[in-house]
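Let's take a look at how the parts of a protein model touch one another. Have the structure open while you read.

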Amino acid sequence: MSTKSSQALRLEVPTDFGFTEEHALLRQETRRFLNERLPMGELRKLADAGIAFDRGLWKEIAELGWVGLVLPESMGGAGLGWLHLAILLEEMGRRLVPGPFLGSLLAGVALREGANDAQQARWCPGIASGDLVATIALTEAGGAFETSGVAGTADPVDGGWVLRGRKTHVLGGADAGLVVAPFREPSGAVSLFAVETPNAALTAERETCIDATRPTARLSFDAVRVARDARLEGDAATAWNAVLVRGCAAIAAESVGGAESVLLTARDYAIARKQFDRQIGFFQAIKYPIVDMMCGIELARSLASGAAAALDAGSPGAETLARMAKAHASDVFANAVRKGVQIHGGYGFTWDCDVHYFFRRAMWSRAMLGDAIHQRRKLADVLFDR
Amino acid sequence: MSTRPEETESKENAEFRRDVRAWMAANKPAHPGFKLPQSFLEVESERQFEFLRAWQRKVYDAGYLGLDWPAEYGGKGDPLKRQRIVSQELNRAGAPFLVNVIGLQWAGPTILAFGTEEQKKRHLQPILSCEEIWCQGFSEPGAGSDLASLTATAEPTADGWLVTGHKVWTTLAHVAKWMILLARTDQAAHKYAGISYFLFPMDAPGVTVQPLVKMTGEGGFNQVIFDQAPMPKSALLGQLGQGWQIAMTTLTFERGAAEGTGGGQATPSESSIRAVVDLAQRVRREGRFAAEDPVIRDRLVQLWIQEEGLRLTGQRARVAGLNMDDRPLATRLMNKLVYSELGQNLTEFACEVLGPDAALWLGDPCAPDKAEWPRAYMNSFGVTIGGGTSEVQRNIIGERVLGLPKTK
């Protein structure tokens, strides 16, 4: 979907990343809240019981303003920038916050970029307040993240549309009250539609997702009748691209947080665990992978912050930086969980060790909205100018 | 392809950058027609040295060096940002490097931090103007990564010290007027406490400089033998026995973990990525340009991401709130490790892109880019080893930043 003209030739980031005391405060308060509300024991309880959507927790974070953080105030949001969101998501990633946050966030981006005023007024305030759980369903079988992969169809009928197709890996798809999804019209054009649930012709089948904290669903649209104004009236290509770019920046920030947690866990274990009468962190075979893990995380954090700052500044380099951040953060998170399990030895191989929860998150996040291989192919077109 | 990114900057700084850029365009010297060193690590001939010295002098006379050093020592007293702009523009213009690197980046800032008024007045200006070249006498045959086990000694005399010992890997010693020297002044003291830091005059009697040949076959670094070589009282920097602490400050500058340098930093940059893109667009592999090979494209993008990540990490290091509060120094202390390994990965990758032509060495008429790539790959080890090996850097980060148990 992204075209070269929309991509940056200059990767400008404001000198101070636009960072203010407000950002520092947000980090501090988020960390304090999550330390208290979602210690690892609590997360384990929810995940092991299969309660990915804890409505109590959802209500609390919605009241803190997280869900509507980047939606404009006119749509019921807090109107804050993407660097705020990056900081919030990094902290959420550290604690593996479960729930439908990301789906609601990306549906909000799609509506903001691709819906008309009436459509925004209808759905955005509910999304921002958390009352309306929303999601976006970009992927079909085959896993493409481009409009070319859209096979689902939208046929005009009297006073509305009939939607047919099957969407996969839909974030929180079984819990959402609103699904934003692309369908192909008879003209061949792809449009985004906002479908309210429940709808008798729309079936959500829960996927058994490797990451129990972020479950997904397969959605079957079996001739779903929607009204004419279910079609988002803005430019679908622009909205789709915004979801991809902003989604990449968001997942990158969250992945940095997840990787950071694994780093600290591995570091602490290397200090606490003794073998051969020494702390294992003394051995360079353990020390060096931990150091390399940290260096990778720091680069990814810089890219994620840079992408967020570029989005806030409206820099033309934002898309390139967001793709770089997603590619690198995916790799770094995947490396962190891999080394993280290994460094914990036999204990790392058990359910008792916390690392596997992060491992699962990394497995899912790395593929979301296009994995590193996909992102780098896009970036190569920029680097090689074709 | 993106151009060198300028951070969003003030009107004054943007104007300054425009001036520097225009000056570079007008004054950057043409290639002299003889082989130039790739870095300060291989300045071997008189004409190479004189060419580079004249260039640094020109940059200084234009007012573009020592910008953040105090005016009374030959600088300008401007914010550090200005010097950073000059370094970026030097890099961007593809200008020759500044040959007095050890003076500008290591010795100068250390003297600024620890020198007496007299030492600052004596030494700093000639560093900027390139009248006096500096070298570094830290490593010894038996003291490499374990630097503190050094054995060179400075015996006190009535009016100074006599130095006896053996220093190695002394880049630029053959043209240097001064050396920053670590020598043991107290044999009885603890390993670290017995070391002092001196500003040693290289023209003293009893000093022998012998060239060492690098793995590329080039000269430019040396070993230095001291046989009762005298230095005056004024050579001592800081306090007696404070040498280790001061040396750590020098190494912090050397590894790019602290700024404050007279100018001319060179790290893997967007322009070095661009150079490999350009190479891939010229070189043909299996009937098509290397730039069309998806594997080549993917690998170069990986390096580009690292380069941008490193650049933004340098920028982020200056925004305290975007650094982890449990390891505020991480983004600075990792700099040397990451950029040296990135430089090595990039130059090795360029050799891979070249295919069999990477085997053509200096002097072969068909060697692409005059064999610059295999030469640069070999020279990259000077950076992953010099200034503390990558392994030493990993120990430092592991122990000082992450709090892992000490190896020694």
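## Two domains in chain A

How many Å separate the centres of domain 1 of chain A and domain 2 of chain A, taken over C-alpha atoms? The answer is 24 Å. Keep in mind that this is a predicted model.

So you can find the pieces on screen: domain 2 of chain A covers 135-234, while domain 1 of chain A is made of 1-132 + 235-386.

## Where the domains meet

Domain 1 of chain A brings 38 residues to the contact, and domain 2 of chain A brings 28 residues. On the domain 1 side, four helices of chain A each chip in with at least two residues: H5 (101-114), H6 (117-129), H7 (236-272) and H11 (355-367). H5(A) gives the largest share of that side, with 9 residues.

What kinds of residues does domain 1 of chain A use to touch domain 2 of chain A? There are 25 nonpolar, 9 polar and 4 charged ones.

## Where the chains meet

Now zoom out to the pair of chains. Their contact takes 43 residues from chain A and 41 residues from chain B.

Look at the chain B side. Helices H8 (294-316), H9 (330-333), H10 (335-354) and H12 (390-401) of chain B each give two or more residues to it. The largest share here comes from H8(B), which hands over 15 residues. Sorted by class, the side of chain B that touches chain A has 20 nonpolar residues, 13 polar and 8 charged.

Methods: Residues are numbered from 1 along each chain as its sequence is written. Chains are lettered from A and ligands numbered from 1 in the order in which they are written. This is a predicted model: local features need pLDDT of at least 70, side-chain atom pairs count only at pLDDT 80 or more; totals for chains, interfaces and linings use all residues. Domain bounds come from an automatic or database domain assignment. Two residues are in contact if their C-beta atoms, placed from the backbone, lie within 7 Å. Ala, Val, Leu, Ile, Met, Phe, Trp, Tyr, Cys and Pro count as nonpolar, Asp, Glu, Lys and Arg as charged, and the others, Gly among them, as polar.
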